[in-house]
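Biologist: Would you walk me through this one? I have a few things to ask.

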Amino acid sequence: MSCKHYKNSPQKYYKIISFATFVGLLYACSTTKKVPDGEYLLTKNTFEFEDKRESIDDELKDYVQQKPNKKQLLFMPLSLGFYNMANPKYDTLLNEYMTYPDEMRNQKLRDSLFLKYNMKNSVGKTLFLDRLLHSWGTPPVILDQTRSEKSTESIEKRLIYRGFWNADVHIKHSIDSASKKAAVNYFIRHNDPTYIKDYYYNITDPTVKGLYWQKLDKSLIRSGQRLDQTVLEKEVTRITDLMRENGYYRFNSSNEEVYFVADSLKSKKQIPLTLEIHKDSADHPYKVATIGNIDVAIVNEAGDFPKNTIKDSLRRIRFHKMDNSYKTSSLWRAVIVDSKKVYDQKNLDLTKRNFIAMNNFSILKARDSLRRGGGTSPNDSIVDVLYVLKPLPKYELKLGTDINYSQLLNLGVSPSVDLTTRNIFKGAENLSTSISGTFGSIRSTKNIDKKDLAYEISAQASLNFPRLLLPFDYYKLLPKRYTPTSSILLGASVQNNIGLGRVNFNTGLNYQANVNDQVSHRLTLFNTQVSLTKNKDAYYSYFANDEIIRDNTFNNYFAYSKNIPDIANIEDQFRSGQVSIDYVSKQIVNDINYPGTLNQKGQDLLTAFKGTLVNKDRQTQDVIISSMIYNFVYNEIGKKDYPNAFYFNGKVELAGNILSLFNQKRDAGGVFASPQRTIFGIPYAQFVKFDIDTRKYFKFNGNQTLVLRQFIGVGIPYGNSKDMPVIKSYFNGGSNDIRAWVAFGGLGPSDSQVDERVRTYMTNNLKLTTNIEYRVPFNEMYEGAVFTDIGNTWSIRKPGENNSYGDEFKFNKFLGQMGIGSGIGLRVNIAYITFRLDLAYKIYDPNKPEGERWRFKHFQPFKPTPNIAFGYPF
């Protein structure tokens, strides 16, 4: 930053400089304030690898017994600063005080501690500030060289555990007596690892041996790989899960039935490894267990079963209920386990998950056990299952307020009231009703550098069923283990987001099925939306820039028309109110001779004018959208077995075909929009839309992540629609998209040179977006990111076609029409919420004139595009 820049705007940096100075002083003066003489503050642990780095090295820091105070502000331990700001006189007393439970921390306890520590003069003092600083702060970590030596032993043991049997670890303490600070340097040499020379197995039970053979290709153990104990543990888990899925109840429950034997007598570099599976010392054969009795009890208290319940049964499942509040058939659908079928642990876990997902019960007991025989010994081949459930309250009311930052809305507030009514029809159906509002600001249509008030008030009701609403028995087609559900949605909203207020109604019937933890299907039938513009005649009052372009175009055309006999008096007719704005606009668009009389400036103005007309037709349209939507999701994110996770979300939407059977009446159309068939006087949309969202995550160095994302969206209008409805179209920008542009911020469509004041609110029906983001955690709370976003939107109409203004997709041009933005980001993880700040810069702007599209020479480091959001962008 130059001095000149600072002099021009000193107030802009005053607070930043003041805060930085305060933090610097706090850090420089306070960190060793409470370090006793002769002791040293531990400031750093460093790791130096005397041979090559290995992939496991990042985990070694977890085996150090002493770690420096955490750095909450990336570069300084703020919590240590708070602790040091407290009066040292009370440190010992308050350290003991903080060990007591919250409910015991009161003036009586403080007074008793004052007497204990011979501080009679302090009796009655609240020590509010000191207590606050102690609760926020942490004491200094004092170097303990004994613990450093123990840390070397722990690191060495971990390296041996990971297959480096000859690893060597030693330390060196760097002590600065003058500053009372110290660092510990760990020097690590891996040396040559120990490898698996040959892999054998000793499985005495032939059936278990056969199952292991069938899945041998899934084994994690291979000859020639490093002898890593963590891999052996994962292989034991894999074998245990495999056997339990195939009927072996509580297989390896003692963790002593499956183990590995390594023969290190001849060598410590090449080790023969043997897998051993034995039921016990006598090698009794394993037995495949089957499911016996299945009992499901619905009670008010755990003691009500079985004495206060009445027994019922359905398809080999016994139900115990205190009353008829829940239909037996609705409970049966949640039970995946089946009597007389081979035991499978997955089915027991899935049944438990289904009961929780119904949002009607808390589980008091979920027990599976071997059936007792005639005496006291159990029958080791029959497993009885019991679930004891307690109904949740009939009504649940929630009041909430969210702070949000959406693609369209800037920072806003969203109060809400949600009421859940359970078990509406005695089949575990839940009715969820909510009333919510969102209030904030949005980019002004009159001045894109300013903000206007925006709000949305909505009411919604959703009736959720733990089954599919179908007139036939579907269980042979769709098994219960897929946990099929249905919901009926009905909602309405009033919004004022861009000046033109809208009223929206929506309804739909949704079906969902989860094949497994990764794959799910969702089908929405009769998804109907009605969008009505409340004050469309006021369009030009809100879109003042469009009005300026319109007036300039009208004036040019009126000057041209004076020499054309057929239209010489059109200006007088317009000024006197005989013809409307739309009439004159149509006359200009349909006059094939007019464009030939214009110079380049006039041509550019005419192109911008056509863009405003397209924008006006689409922004003010009333539309009915009745569609069918199919959504397929494959998701490995958050699953421990998929460190390099993959995500795929594919959606197909088909709209308008059913409505086309009912009515042929047409409306008057718009300036550009052709007359359309209507239902109840409202045009309906016909289109097919495809969305594909794919993501791939790569883990590096233990905790760093590279994320690649590709989004492809195509909407194809047909039949009753010449263009996609604006609420179903694509736009650019925002915190989850191309972050160098704000939502509706002037990027696109394609490299169109339409005036940005008009282009800002244009949408299109084809979109390509590529995102690349590299995430590096600084500590448990803070994470940094570097990212690049690439993409744009296009139309799929032919060049020269009506409504065309240079936004058509062309295979030989689209790469050069993509906007490129890059930047850096900070993520702050607090509890279960991730706060995100991204600062993005335009690198390539395809909407600038040739020669000005690369923005390096216009780069302004202190003027990024900020994006504030909660959660990761993808």
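## A sheet, a helix and some backbone angles

Modeller: Happy to help; keep in mind that this is a predicted model.

Biologist: In what order do the three strands of the open sheet lie?

Modeller: The pairing in this sheet is mixed. Strand S1 (41-49) and strand S2 (168-176) are its edge strands, each pairing on one side only. That leaves strand S3 between them, and the order is S1-S3-S2.

Biologist: Which residue in S3 is the bridge partner of Leu 42?

Modeller: S1 and strand S3 (residues 181-189) run parallel and are joined by eight bridges. One of the residues involved is Leu 42, whose bridge partner in S3 is Ala 182.

Biologist: At about what angle does helix H7 run to S2?

Modeller: Helix H7 covers residues 145-161 and lies across S1, S2 and S3. Relative to S2, helix H7 runs at about 150°.

Biologist: Does Asn 118 count as buried or exposed?

Modeller: Asn 118 sits in the loop between helix H5 (107-116) and helix H6 (128-136). Its phi is near 60°, a positive value in a residue other than glycine. Most residues other than glycine have a negative phi. The relative accessibility of Asn 118 is 63%, and the cut-off is over 50%, so Asn 118 counts as exposed.

Biologist: Which residue does a cis peptide bond join to Phe 305?

Modeller: Most peptide bonds are trans. Here omega is about 5°. The partner lies in the loop between strand S7 (290-298) and strand S8 (310-314), and the residue joined to Phe 305 is Pro 306.

Terms used. Residues are numbered from 1 along each chain as its sequence is written. This is a predicted model: local features need pLDDT of at least 70, side-chain atom pairs count only at pLDDT 80 or more; totals for chains, interfaces and linings use all residues. Side-chain values use heavy atoms; hydrogens and water are left out. Two strands pair if DSSP finds at least two bridges between them. Helices (H or I, at least four residues) and strands (E, at least two) are DSSP runs, numbered from the N terminus. Contact means heavy atoms within 4.5 Å. Axes are lines fitted to C-alpha atoms, for helices over the stretch in contact, and angles run from 0 to 180 degrees between N-to-C directions. Buried means under 20% relative accessible area, exposed over 50%, partly exposed in between (1.4 Å probe, protein chains only).
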